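Work through the exercises below with the sequence and the structure at hand, and try each task before reading its solution.

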Amino acid sequence: MQAISRSDLLAPLIAGVVVSGFTFLGGTLALGAHPSWAIEVGLIGTVIGAATWLVLHLVGATGRRVLVLDAVLFLACAAMVWFGKMRFVASYAEDVLAGRFWFFGWIAMTGAAFILVAAIAGSHRNTPA
């Protein structure tokens, strides 16, 4: 298990500001989240992303592998959000499962975005000087 230093906290701080700022400025709403829960999913996803980042960091999972795997996860979540929304709207709000995919997909996608931004922000430490 790896300890967390002060310099390690810069990447998740940047990620938290970017993802929650994007949410508060209406980014999730503009990209298709429902108006009644657009901010909620962004904030929940940010907290889940921070907790996941912490676990990944404590077990020593950093670098390019985390970046690539999280990019794939982010794209999978984006597809889940898109298909869930399209199916939910096409069913005139009767397909509850599609609505849940749309809602929880947004939470997963913002969590993945947090980890992606944190991995990019922290990647400067892994490059040779």
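**Exercise 1.** Find which residues His 57 is in contact with, leaving aside its neighbours within four places in sequence, and decide whether His 57 counts as buried or exposed.

*Solution.* The model used here, and in every exercise that follows, is a predicted one. Begin by locating the residue: His 57 belongs to helix H3. Next, list its partners, passing over the neighbours within four places in sequence; they are Gln 2, Ala 3, Ile 4, Asp 8 and Thr 62. Finally, compare its relative accessibility of 7% with the cut-off for buried residues, which is under 20%. His 57 therefore counts as buried.

**Exercise 2.** Describe the chain as a whole: state how many helices and strands it has, and what part of its residues is buried.

*Solution.* Count the elements to begin with: the chain has five helices and zero strands, so that reading along the sequence gives the pattern α-α-α-α-α. Then consider its extent, for the C-alpha atoms fill a box of roughly 55 × 25 × 25 Å along the principal axes. Of the 129 residues, 37% are buried, while the area that the chain exposes is about 7900 Å², with carbon and sulfur atoms supplying 73% of it. Look also at the contacts between residues at least 6 apart in sequence, of which 77% join residues at least 24 apart. As a last step, take the charges: the mean position of the 7 positive ones and that of the 5 negative ones are 11 Å apart.

**Exercise 3.** Identify the residues with the most contacts inside the largest nonpolar core, and name the elements that give two or more residues to this core.

*Solution.* The largest nonpolar core has 13 residues, and those with the most contacts inside it are Ala 33, Trp 37, Val 41, Trp 102, Phe 103 and Trp 106. Two or more residues come from each of helix H3 (38-58), helix H4 (64-90) and helix H5 (96-122), and the largest share, six residues, is given by H5. Another core lies apart from this one; it has ten residues, including Ala 11, Ala 15, Trp 53 and Ala 118. Returning to Trp 102, and leaving aside its neighbours within four places in sequence, you should find contacts with Gly 32, Ala 33, His 34, Trp 37, Val 81, Gly 84, Lys 85 and Phe 88.

**Exercise 4.** Classify Thr 28 and Ile 107 as buried or exposed, and list what each of them touches, not counting residues up to four places away in sequence.

*Solution.* Take Thr 28 first, which has its place in helix H2 (residues 27-30). Its relative accessibility is 1%, and so Thr 28 counts as buried. With residues up to four places away not counted, Thr 28 touches Phe 22, Thr 23, Ala 33, Ala 38, Ile 39, Trp 106 and Thr 110. Turn now to Ile 107, which is in helix H5 and is buried, since its relative accessible area is 9%. Under the same exclusion, Ile 107 touches Val 41, Ile 44, Gly 45 and Ile 48. Note also that Ile 107 and Val 81, although 26 residues apart in sequence, are 9.5 Å apart in space, C-alpha to C-alpha.

**Exercise 5.** Check whether the span of H4 agrees or disagrees with 1.5 Å a residue, and find what its buried residues pack against.

*Solution.* The expected span is 1.5 Å times one less than the number of residues, so the 27 residues of H4 should span 39 Å; the end C-alpha atoms are 39 Å apart, and the two values therefore agree. The buried residues of H4 are Val 66, Asp 70, Cys 77, Val 81, Gly 84 and Phe 88, and they pack against H3 and H5.

**Exercise 6.** State what is notable about the phi of Tyr 92 and of Ala 93.

*Solution.* Recall that most residues other than glycine have a negative phi. Tyr 92, which comes just after H4, in the loop between H4 and H5, is not a glycine and yet has a positive phi of about 55°. Ala 93 also lies in the loop between H4 and H5, and its phi is positive too, at about 65°, although it is not a glycine. To complete the picture, compare their accessibility: Tyr 92 is exposed, because its relative accessible area is 72%, whereas Ala 93, at 48%, counts as partly exposed.

Technical notes:
Residues are numbered from 1 along each chain as its sequence is written. This is a predicted model: local features need pLDDT of at least 70, side-chain atom pairs count only at pLDDT 80 or more; totals for chains, interfaces and linings use all residues. Side-chain values use heavy atoms; hydrogens and water are left out. Helices (H or I, at least four residues) and strands (E, at least two) are DSSP runs, numbered from the N terminus. Buried means under 20% relative accessible area, exposed over 50%, partly exposed in between (1.4 Å probe, protein chains only). Contact means heavy atoms within 4.5 Å. Accessible areas come from the Shrake-Rupley method with a 1.4 Å probe; for residues, only the protein chains shown count as cover. Lys and Arg count as positive and Asp and Glu as negative; His and the chain ends are not counted. The place of a charge is taken as NZ of Lys, CZ of Arg, CG of Asp or CD of Glu. A nonpolar core is a set of buried Ala, Val, Leu, Ile, Met, Phe, Trp, Tyr and Cys residues joined through side-chain atoms within 4.5 Å.
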